[in-house]
Amino acid sequence: MARTAILNVMVQAAMKAGRNLVRDFGEVENLQVSRKGPGDFVSAADRMAEEIIRTELVKARPQYGLVMEESGEVEGTDGQHRWHVDPLDGTTNFLHGIPIFAVSIALERQGQIVAGVIYNPVMDELYTAERGRGAFLNDRRLRVAGRSDLPEMVFGTGLPFIGKGDHGRALKELRYFMPEVAGIRRYGAASLDLAWTASGRLDGYWEHNLNSWDIAAGLLMVREAGGYVTDTDGKDKMLETGNVAVGNEFAHKHILRLLKQAKS
Ligand code: IPD
Ligand code: CA
Ligand code: CA
Ligand code: CA
């Protein structure tokens with residue numbers, strides 16, 4: 001399916017920023033790094049990628065609002081549209097030389113996410129989705145995994161680190177999942193956890209306390225790939241709570257059940 005003009009703008013911005021990230025990744029030891037909080041880093045690469053994306057998006061749609069991880073929120077003049085931008089999702093991986101990171105850009109229109117792009121520049125994997133038009137990895141249409149047996153399923157999740165709360169909850173959740181599933185992965189980039197669920201690599205994924213820029217594009221991708229998408233209580237409050245539970249019909253049902261058990 002041909003991409004719409006606006007999706008093309010997003011793709012160009014993500015790929016331009018992604019190429020820059022790969023260059024910086026090659027010289028990561030020379031990058032300036034600062035700490036926003038315990039375990040929460042930002043580097044010159046994050047800021048440069050964000051600047052590249054901002055320039056492209058503002059050039060194409062100067063009237064739209066922006067929600068960007070590193071530079072915050074800018075209200076738009078049209079009051080209808082907002083971009084959600086994570087210029088480098090997986091900063092900790094990036095700074096440790098682990099090649100699992102991505103650029104994530106989503107477009108919200110009147111409260112709904114209508115387009116999303118996630119670009120993993122190391123693997124040169126471009127994930128795109130538009131509301132009602134499907135999700136794609138490069139040119140291939142995506143479909144969530146088809147497995148229905150929990151013991152065969154592999155799940156992604158995120159774990160809180162220093163400076164974050166809820167360590168006890170995370171341990172308890174793992175305690176419930178581990179004995180029932182084929183595997184659990186912690187890749188360290190929420191956008192890719194979602195993209196990989198959309199592409200069927202992961203059967204499902206859950207995580208708490210994320211931000212709109214981490215998940216807006218990926219949630220649309222999973223839904224457009226036929227997946228089930230809710231917050232961790234089974235409600236429709238993903239962007240408000242930052243909590244997500246996604247997967248095919250079966251994986252999603254099991255995630256909600258196991259999370260409920262872990263809570264009791
Ligand atoms: C982080 C990653 C990670 C998730 C963290 C996020 P960042 O984003 O998505 O997987 O567990 O909560 O903050 O800071 O690398 O863009
Ligand atoms: Ca960050
Ligand atoms: Ca992020
Ligand atoms: Ca980031």
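User: How many residues of domain 1 are in contact with residues of domain 2, and how should I read that count?
Analyst: In this predicted model, 36 residues of domain 1 are in contact with 24 residues of domain 2. Contact here is a matter of distance, with heavy atoms within 4.5 Å. The domain assignment places domain 1 at 5-141 and domain 2 at 150-263. Their C-alpha centres lie 21 Å apart.

User: What area do domain 1 and domain 2 bury between them, and how much of it is on carbon and sulfur atoms?
Analyst: The buried area is summed over both parts. For domain 1 and domain 2 it comes to about 2,300 Å², and carbon and sulfur atoms account for 67% of it.

User: How many residue pairs are in polar contact across the interface of domain 1 and domain 2, and which strands supply the side of domain 1 that touches domain 2?
Analyst: Across that interface, 10 residue pairs are in polar contact, both residues being at pLDDT 80 or more. On the domain 1 side, at least two residues each come from β3 (65-68), β5 (81-89), β6 (102-109), β7 (112-120), β8 (125-130) and β9 (134-137). The strand that gives the most to this side is β7, with 7 residues.

User: How many salt bridges are counted between domain 1 and domain 2, and how many does the structure hold?
Analyst: The count between domain 1 and domain 2 is 1 salt bridge, while the structure holds 14 salt bridges.

User: How do I read the salt bridge between Glu125 and Arg201?
Analyst: Start with the distance, then ask where each partner sits in the chain. The side chains of Glu125 and Arg201 meet at 2.7 Å, N to O. Strand β8 holds Glu125, and Arg201 is in the loop between α5 (190-198) and β13 (204-207), so the pair ties together parts that are 76 residues apart in sequence.

User: Are Glu125 and Arg201 buried or exposed?
Analyst: Under 20% relative accessible area a residue counts as buried, and over 50% as exposed. Glu125, at 10%, is therefore buried. Arg201 has 39% relative accessibility and so counts as partly exposed.

User: Where do Arg257 and Glu180 lie in the chain, and how far apart are their closest N and O atoms?
Analyst: Arg257 and Glu180 form a salt bridge in which the closest N and O atoms are 3.3 Å apart. This pair links distant parts of the chain, 77 residues apart: Arg257 is in helix α8 (residues 249-263), and Glu180 is in the loop between α4 (167-177) and β12 (183-185). Arg257 is partly exposed, with a relative accessible area of 30%, and Glu180 is also partly exposed at 30%.

User: Which residue forms a salt bridge with Lys263?
Analyst: The partner is Asp233, with 2.9 Å between the closest N and O atoms. Lys263 lies in helix α8, and Asp233 in the loop between β14 (228-230) and α7 (238-241), so this bridge joins parts that are 30 residues apart in sequence. Lys263 is exposed, with a relative accessible area of 62%, whereas Asp233 is partly exposed at 46%. Elsewhere, salt bridges that share partners join Lys16, Glu56 and Lys59 into one network.

User: Now the metals. Which residues are the protein donors of the calcium ion (ligand 3)?
Analyst: For Ca the donor cut-off is 3.2 Å, and water is not among the atoms, so a site may look incomplete. The protein donors of the calcium ion (ligand 3) are Asp86 (OD), Asp89 (OD) and Asp214 (OD), lying 2.1 to 2.3 Å from it. Along the chain these donors follow the spacing D-x2-D-x124-D. Two of them can be placed by accessibility: Asp86 is buried at 1% relative accessible area, and Asp89 is buried at 6%.

User: What coordinates the calcium ion (ligand 4), and at what distances?
Analyst: Glu69 (OE), Asp86 (OD) and Leu88 (O) coordinate the calcium ion (ligand 4) at 2.1 to 2.4 Å. Their spacing in sequence is E-x16-D-x1-L. Leu88 counts as buried, at 1% relative accessibility. Asp86 appears here and among the donors of the calcium ion (ligand 3).

User: How far apart are these ions from the calcium ion (ligand 2)?
Analyst: The calcium ion (ligand 3) is 5.2 Å from the calcium ion (ligand 2). The calcium ion (ligand 4) is 3.8 Å from the calcium ion (ligand 2), and Glu69 coordinates both ions of this second pair.

How values were computed. Residues are numbered from 1 along each chain as its sequence is written. Chains are lettered from A and ligands numbered from 1 in the order in which they are written. This is a predicted model: local features need pLDDT of at least 70, side-chain atom pairs count only at pLDDT 80 or more; totals for chains, interfaces and linings use all residues. Side-chain values use heavy atoms; hydrogens and water are left out. Donors are N, O and S atoms within 2.8 Å of the metal (3.2 Å for Na, K and Ca); water is not among the atoms, so sites may look incomplete. Buried means under 20% relative accessible area, exposed over 50%, partly exposed in between (1.4 Å probe, protein chains only). Domain bounds come from an automatic or database domain assignment. Buried area is the accessible area (1.4 Å probe) that two parts lose on being put together, summed over both. A salt bridge is a side-chain nitrogen of Lys or Arg within 4 Å of a carboxyl oxygen of Asp or Glu. A polar contact is a pair of N or O atoms within 3.5 Å; within protein, one must be able to donate a hydrogen and the other to accept it, and residues adjacent in sequence count only if both atoms are side-chain atoms. Helices (H or I, at least four residues) and strands (E, at least two) are DSSP runs, numbered from the N terminus.
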